[in-house]
Amino acid sequence: MPEEVIVSGIDPKKLAKSIRWNECINAALREKCCVICGSEGVYSLLTCSEKCHDQMKKEFIEDFGPFKDITDAETGKTHRVPTEVIFEQGIRPQDLKKYPVVEKGSNA
Ligand SMILES: [Zn+2]
């Protein structure tokens, strides 16, 4: 699994690896519409409503899996962070310690 950079704040563009998500988000930013239902308007979180937000979260977690391994640049340790946490609030370096360390190259 490739190492991930630390993500702070909600930035779906950084999280989005799949072409589908990149295209979808770019289209939503360009057209200024909800990324899920396409309703027109400027939405800071890319969706128009709680319902679409929840749907987007669900699809993100399906796409990226329930956890992401993120390496703390300072300690070099890799922590397993729930995708939902990254999606909802982002992750700061000081928060990584709360999540379990992934041992690499050993019998983890
Ligand atoms: Zn919507």
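Helices (H or I, at least four residues) and strands (E, at least two) are DSSP runs, numbered from the N terminus. With that in hand, welcome to the close-up views of this predicted model.

**Figure 1. The whole protein chain, with four helices and three strands.** Let your eye start at the N terminus, from which the elements run α-α-α-β-β-α-β. Of the 108 residues in the protein chain, 13% count as buried. Taking contacts between residues at least 6 apart in sequence, 33% of them join residues at least 24 apart.

**Figure 2. Confidence along the protein chain, where pLDDT averages 76.** A score of at least 70 is reached by 76% of the residues. Among the elements, S3 has the highest mean pLDDT, 94, and helix H1 (residues 12-15) has the lowest, 48. Over residues 1-17 the pLDDT is below 50, although this stretch still has 32 contacts in the model beyond near neighbours in sequence.

**Figure 3. The hairpin of S1 and S2.** Here strand S1 (residues 67-71) meets strand S2 (residues 78-82), and five bridges pair the two in the antiparallel sense. Two places to look for when you zoom in are Asp69, which stands opposite Arg80 in S2, and Ile70, whose bridge partner in S2 is His79. Six residues lie between the two strands. In the turn you will find Gly76, which has a positive phi of about 75°.

**Figure 4. S3 joins S2 through two bridges.** Strand S3 (residues 101-102) runs antiparallel to S2. His79 stands opposite Val101, and Thr78 has Val102 as its bridge partner. His79 is therefore worth a second look, as the DSSP runs named here place this residue in S2, with Ile70 as a bridge partner and Val101 opposite in S3.

**Figure 5. An open sheet of three strands in the order S1-S2-S3.** The pairing in this sheet is antiparallel. Which strands stand at the edges? S1 and S3 do, each with a single partner strand, so one side of each is left without a neighbour in the sheet. As background, strands of a sheet pair through backbone hydrogen bonds, either parallel or antiparallel.

**Figure 6. The two faces of S1, one covered and one uncovered.** Lys68 and Ile70 belong to the covered face. On the uncovered face are Phe67, Asp69 and Thr71. Asp69 is also the residue that stands opposite Arg80 in S2.

**Figure 7. The largest nonpolar core, six residues in all.** Its members are Ile70, Val81, Ile86, Phe87, Ile91 and Leu96. Ile70 comes from the covered face of S1. Val81 makes a good centre for this view: leaving aside its neighbours within four places in sequence, Val81 is in contact with Phe67, Lys68, Ile70, Ile86, Ile91 and Tyr99.

**Figure 8. Helix H3 and the glycine just after it.** How far apart are the end C-alpha atoms of H3, and what should its 15 residues span? At 1.5 Å a residue, H3 should span 21 Å, and its end C-alpha atoms are 21 Å apart, which agrees. Just after the helix, Gly65 takes a positive phi of about 85°.

**Figure 9. Lys57 in helix H3 (residues 50-64).** Is Lys57 buried or partly exposed? Lys57 is partly exposed, because 15 other C-beta atoms lie within 10 Å, while 20 or more would be needed to count as buried. Setting aside neighbours within four places in sequence, Lys57 is in contact with Glu84 and Phe87. Phe87 is one of the residues of the largest nonpolar core. Thr83 is 26 residues away from Lys57 in sequence, yet the two are 8.9 Å apart in space, C-alpha to C-alpha.

**Figure 10. His53, another residue of helix H3.** His53 counts as partly exposed, with 19 C-beta neighbours inside 10 Å. Not counting residues up to four places away in sequence, His53 touches Leu45 and Thr47. From C-alpha to C-alpha, His53 and Val35 are 9.1 Å apart in space and 18 residues apart in sequence.

Key:
Residues numbered from 1 in each chain as written. Predicted model: local features only at pLDDT ≥ 70, side-chain atom pairs only at ≥ 80, totals over all residues. Pairing = 2+ DSSP bridges. Buried ≥ 20, exposed ≤ 12 C-beta atoms within 10 Å, placed from the backbone. Contact = placed C-beta atoms within 7 Å. Core = buried A, V, L, I, M, F, W, Y, C linked by C-beta atoms within 7 Å. Expected span 1.5 Å × (residues − 1). pLDDT = per-residue confidence, 0-100.
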